[in-house]
Amino acid sequence: MKEILMIMLSVALVNNFVLAQFLGICPFLGVSKKLDSSVGMGIAVTFVMVLATACTWPVQTFLLDKYEIEYLQTVAFILIIAALVQFLEMLLKKFIPALHRSLGVYLPLITTNCAVLGVTIMNIKSEFNFVESMANSFAAGVGFLLAMVLFSGMRQKMDNANVPKAFQGIPMVLMGAAILSLSFMGFSGVVQGIFE
């Protein structure tokens with residue numbers, strides 16, 4: 001249990017996919033203007049990460065490793081993730097059309113979100129078992145959601161701030177992302193201190 005908690009806290013706070021590993025930057029910058037869209041995107045990415053891990057871990061263990069065709073890992077994982085995103089898009093369109101409209105073009109972009117592919121490959125490279133992989137994927141999604149929500153709040157404050165013209169727009173957004181990334185570096189000592 002202690003190891004699972006350590007994996008989850010580490011990936012959500014210390015090794016956050018967006019703020020520490022710089023994976024999934026496109027939706028992080030593109031969808032974080034409004035809080036409701038950020039929450040929807042974060043939940044959708046978390047759902048896809050967990051579902052992708054539930055599908056890719058058995059494929060790697062019982063198919064790719066067993067028949068020694070590990071070199072097909074990236075192609076197989078991308079196909080699985082693309083199918084899952086299409087499934088999610090159909091579900092949102094049918095049951096939550098408002099969220100589907102607000103996510104717009106960014107929902108199909110989850111297919112190319114390298115954070116989703118990154119978490120599935122990281123689970124295999126770290127030699128996690130199935131339960132550890134699922135915990136890692138869920139916590140990675142929660143970390144993504146946390147980063148999206150915090151950055152959305154920052155962007156709303158920045159939009160109302162009186163900043164010099166040279167820093168308006170993209171420069172201010174990138175500086176805000178850098179400050180948020182630096183603030184998450186402080187969690188590295190906290191997580192180590194809890195489990196020592």
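A115 is buried, with a relative accessible area of 0% (buried means under 20%, exposed over 50% and partly exposed in between, using a 1.4 Å probe and protein chains only). What you are looking at is a predicted model, in which local features need pLDDT of at least 70 and side-chain atom pairs count only at pLDDT 80 or more, while totals for chains, interfaces and linings use all residues. Residues are numbered from 1 along each chain as its sequence is written, and side-chain values use heavy atoms, with hydrogens and water left out.

A115 sits in helix α6, residues 114-125 (helices are DSSP runs of H or I with at least four residues, numbered from the N terminus). From its C-alpha atom to that of I96, 19 residues away along the chain, the separation is 24 Å.

Let us follow α6 to its partner. Two packed helices are described by the angle between their axes and the distance between the axes. Helix α7 (residues 130-160) packs with α6 at about 150°, and the axes are 10 Å apart (axes are lines fitted to C-alpha atoms over the stretch in contact, and angles run from 0 to 180 degrees between N-to-C directions). The two helices α6 and α7 are therefore roughly antiparallel (angles over 145 degrees count as such, under 35 as roughly parallel, 65 to 115 as roughly perpendicular and the rest as oblique). Their crossing is right-handed, a term used if the near helix is turned clockwise from the far one by less than a right angle.

Helix α7 also packs with α3, at an angle of about 165° and with the axes 8 Å apart. This pair, α3 and α7, is roughly antiparallel too, and its crossing is right-handed.

Now stay with α3, which spans residues 35-64. Its axis and that of α4 come within 9 Å and cross at roughly 140°, which makes α3 oblique to α4. Here α3 passes α4 in a right-handed crossing.

On α4 (residues 73-95) you will find F87, which counts as partly exposed because its relative accessibility is 41%. F87 joins M90, L91, F95 and I96 in a nonpolar surface patch of about 510 Å² (patches take residues with over 30% relative accessible area and no salt bridge, joining nonpolar side chains within 5 Å and like charges within 9 Å).

One last stop is I25, in helix α2 (residues 25-30). At 31% relative accessibility, I25 counts as partly exposed. The C-alpha atoms of I25 and G40 are separated by 16 Å, with their positions 15 residues apart along the chain.

Methods: Accessible areas come from the Shrake-Rupley method with a 1.4 Å probe; for residues, only the protein chains shown count as cover. A salt bridge is a side-chain nitrogen of Lys or Arg within 4 Å of a carboxyl oxygen of Asp or Glu.
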